[in-house]
Amino acid sequence: FGNSIGGSCPEVLFASCPVDIGIKGEGEYTAVEVIKSLNEGAELASVEGIIYRDSNGNVRKNLPRKACNINELPHINWGLFDIDLYMSKTAGVSLGRAGKDKEVSRPFSIATARGCAFKCTFCHYVFWDDPYRFRKPELVMEEIKSHIDTYGANLFNFWDDLSFASLPQVEKMVDEILKSGLKFEWSAAIRTDLFGKEKVPYERKLEIAHKMRKSGCTAVGFSLESANKEILEMMNKKIEPEYFSEQIKILKEAKITSNTSVVFGYPMETEETIKETFDMCYKNKVYPSMGFLLPLPYTGMYEYAKEHGFIKDEDAYLDLITERQDICVNMTQMTEERIMECIKEGASKLNELLSLGLTEDRYIRTGATENNVNPEEQFKDDKKRGVDPDNMERNVNDFSFNYSEAVFDMDYGSKEE
């Protein structure tokens with residue numbers, strides 16, 4: 001076992017399953033050392049970054065492995081996979097492809113960074129214990145060029161928990177793309193406040209956003225999660241709701257599509273806080289990917305859920321949970337039925353505003369990113385539409401339903417924090 005399961009809850013894993021070895025964190029070097037040790041009949045006690053069952057059946061946890069320099073990792077040999085099949089399956093569901101010709105889209109995913117610069121209480125990612133790192137732009141471009149030449153790729157999804165944590169980091173990558181002369185579209189994951197904080201002048205932020213668009217960026221994803229400050233504080237998001245609006249305004253001017261997500265179900269969630277979040281989305285004309293608080297091992301809310309009696313049997317809970325679009329545990333004072341009704345009310349208004357054409361059964365499970373976004377509506381001038389979220393009517397219906405500081409150390413893969 002490896003990655004999230006092997007590293008986040010090894011005690012439960014080894015107690016419940018006939019597992020011999022679990023890898024915690026990065027696995028490139030660890031997996032090779034494990035195989036080498038097994039082939040040579042050597043002891044596993046010296047292999048860093050693993051949890052294993054010894055010859056007596058006892059579970060041993062070795063020392064953690066130091067985070068690697070991601071710039072030294074070789075490119076993945078994608079020739080082992082049926083790339084054309086993957087491209088055909090993902091051609092119409094990539095960020096920024098709404099309404100575009102699927103036949104000419106040849107999307108490819110590429111890793112540009114590892115981990116995240118922040119620690120939200122609901123979020124779990126594999127590299128939680130390692131510092132946030134990103135690859136040198138020239139190495140990313142080297143890989144992109146290889147995929148263009150080999151597979152005819154023309155759309156790259158920067159498939160990271162957090163692609164860009166600061167504006168200097170963004171600009172270095174964008175400058176490298178523009179310098180290359182290569183023509184392709186791309187999307188990335190960014191912080192909600194990347195373009196939102198006031199310490200960088202508006203004109204400067206807009207300049208960088210326009211450079212992103214010129215380099216081929218069609219869409220970015222970032223998470224509002226909630227518009228309620230008390231909930232954001234419990235999430236440890238370290239953002240202000242107004243950053244969200246500022247960022248969307250800048251991206252809209254640059255004609256870059258905004259995709260966002262929200263999480264409902266924190267303990268202090270109420271009808272008013274749900275409306276507050278939908279009002280923020282309505283004001284900014286974005287239809288979010290919606291999900292419910294799903295406490296995962298190794299997160300703050302998982303510990304909260306255990307301490308407050310919402311998770312009594314970890315093994316049973318982990319066997320029960322499904323995905324973030326289901327209410328697997330309700331820690332609010334609201335009934336599940338009322339939560340769903342409030343979400344339907346907000347989703348219905350957004351669906352109508354953005355002319356998405358979603359049916360009620362697709363308000364939460366929209367089916368694909370392209371179904372959440374209507375760029376033409378998102379880019380329209382609000383003044384012409386007369387959007388007034390403060391005066392929206394509430395219709396009650398039945399319902400069945402991956403950190404921006406202005407300056408970061410420009411480390412490229414080896415810095416320890």
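Buried here means under 20% relative accessible area. That cut-off is what the first stops of this tour rest on, and the model being toured is a predicted one.

**Whole chain**

Start with the full protein chain selected. Its secondary structure comes to 15 helices and eleven strands. Of the 417 residues, 53% are buried. The accessible surface is about 20000 Å², and carbon and sulfur atoms account for 49% of that area.

**Helix 5**

Select residues 137-151, which make up helix 5. With 15 residues at 1.5 Å a residue, this helix should span 21 Å, and its end C-alpha atoms are indeed 21 Å apart. Now show the side chains of Pro 137, Val 140, Met 141, Glu 143, Ile 144, His 147 and Tyr 151, which are the buried residues of helix 5. Look down the axis: these buried residues fall within an arc of 160°, so they line one face of the helix. An α-helix has 3.6 residues a turn, so residues three or four places apart point the same way.

What does the buried face of helix 5 pack against? Add helix 4 (83-90), strand 4 (107-110), strand 7 (155-158) and helix 6 (167-180) to the selection; the buried residues of helix 5 pack against these elements.

Turn to the other side of helix 5, where Asp 149 and Thr 150 are exposed. Asp 149 has a relative accessible area of 55%. The side chain of Asp 149 meets that of Lys 145 in a salt bridge, at 2.8 Å from N to O. Lys 145 is partly exposed, at 42% relative accessibility. Asp 149 and Lys 145 are four residues apart in helix 5, which puts about one helical turn between them. Step just past the end of helix 5 to Gly 152, which takes a positive phi of about 70°.

**A nonpolar surface patch**

Switch to a surface view and select Ile 76, Leu 80, Phe 81, Leu 85 and Tyr 86. These residues form a nonpolar patch on the surface, with about 550 Å² of accessible area together. Tyr 86 is in helix 4, one of the elements that the buried residues of helix 5 pack against.

**Helix 10 and its cover**

Next select residues 271-284, helix 10. Helix 10 has 14 residues and reaches 20 Å from its first C-alpha to its last, close to the 20 Å expected. Its buried residues are Thr 273, Ile 274, Thr 277, Phe 278, Asp 279, Met 280, Cys 281, Tyr 282 and Asn 284. What covers them includes strand 9 (217-225), helix 8 (229-235), helix 9 (241-253), strand 10, strand 11 (289-292) and helix 13. After helix 10 comes Lys 285, with a positive phi near 55°.

Which residue forms a salt bridge with Glu 271? Select Arg 338: the closest N and O atoms of this pair are 2.9 Å apart. The pair links distant parts of the chain, with Arg 338 in helix 13 (residues 336-353) and Glu 271 in helix 10, 67 residues apart. Arg 338 is buried, at 17% relative accessible area, whereas Glu 271 is partly exposed, at 30%.

**Strands 9 and 10**

Select Ser 261, in strand 10 (residues 257-264). Ser 261 is buried, at 13% relative accessibility. Leaving aside residues up to four places away in sequence, Ser 261 touches Phe 222, Ser 223, Leu 224, Glu 225, Pro 288, Ser 289 and Arg 324.

From that list, take Glu 225, which is in strand 9. Glu 225 is buried at 5% relative accessibility and has a positive phi of about 70° although it is not a glycine. For another such residue, select Lys 238 in the loop between helix 8 and helix 9; its phi is positive, near 60°, and it too is a residue other than glycine.

**Remaining salt bridges**

Finish with the charged side chains, for which the chain's count is 29 salt bridges. Select Lys 306 and Glu 314, whose side chains meet at 3.8 Å, N to O. Lys 306 is partly exposed, at 29% relative accessibility, and Glu 314 is partly exposed, at 26%. Last, select Glu 26, Glu 28, Arg 114, Asp 130 and Arg 133, which are joined into one network by salt bridges that share partners.

Terms used
Residues are numbered from 1 along each chain as its sequence is written. This is a predicted model: local features need pLDDT of at least 70, side-chain atom pairs count only at pLDDT 80 or more; totals for chains, interfaces and linings use all residues. Side-chain values use heavy atoms; hydrogens and water are left out. Helices (H or I, at least four residues) and strands (E, at least two) are DSSP runs, numbered from the N terminus. The expected span of a helix is 1.5 Å times one less than its number of residues. Buried means under 20% relative accessible area, exposed over 50%, partly exposed in between (1.4 Å probe, protein chains only). The arc is that of the directions from the helix axis to the C-beta atoms. Contact means heavy atoms within 4.5 Å. Patches are made of residues with over 30% relative accessible area and no salt bridge: like charges are joined within 9 Å, nonpolar side chains (Val, Leu, Ile, Met, Phe, Trp, Tyr) within 5 Å. Accessible areas come from the Shrake-Rupley method with a 1.4 Å probe; for residues, only the protein chains shown count as cover. A salt bridge is a side-chain nitrogen of Lys or Arg within 4 Å of a carboxyl oxygen of Asp or Glu.
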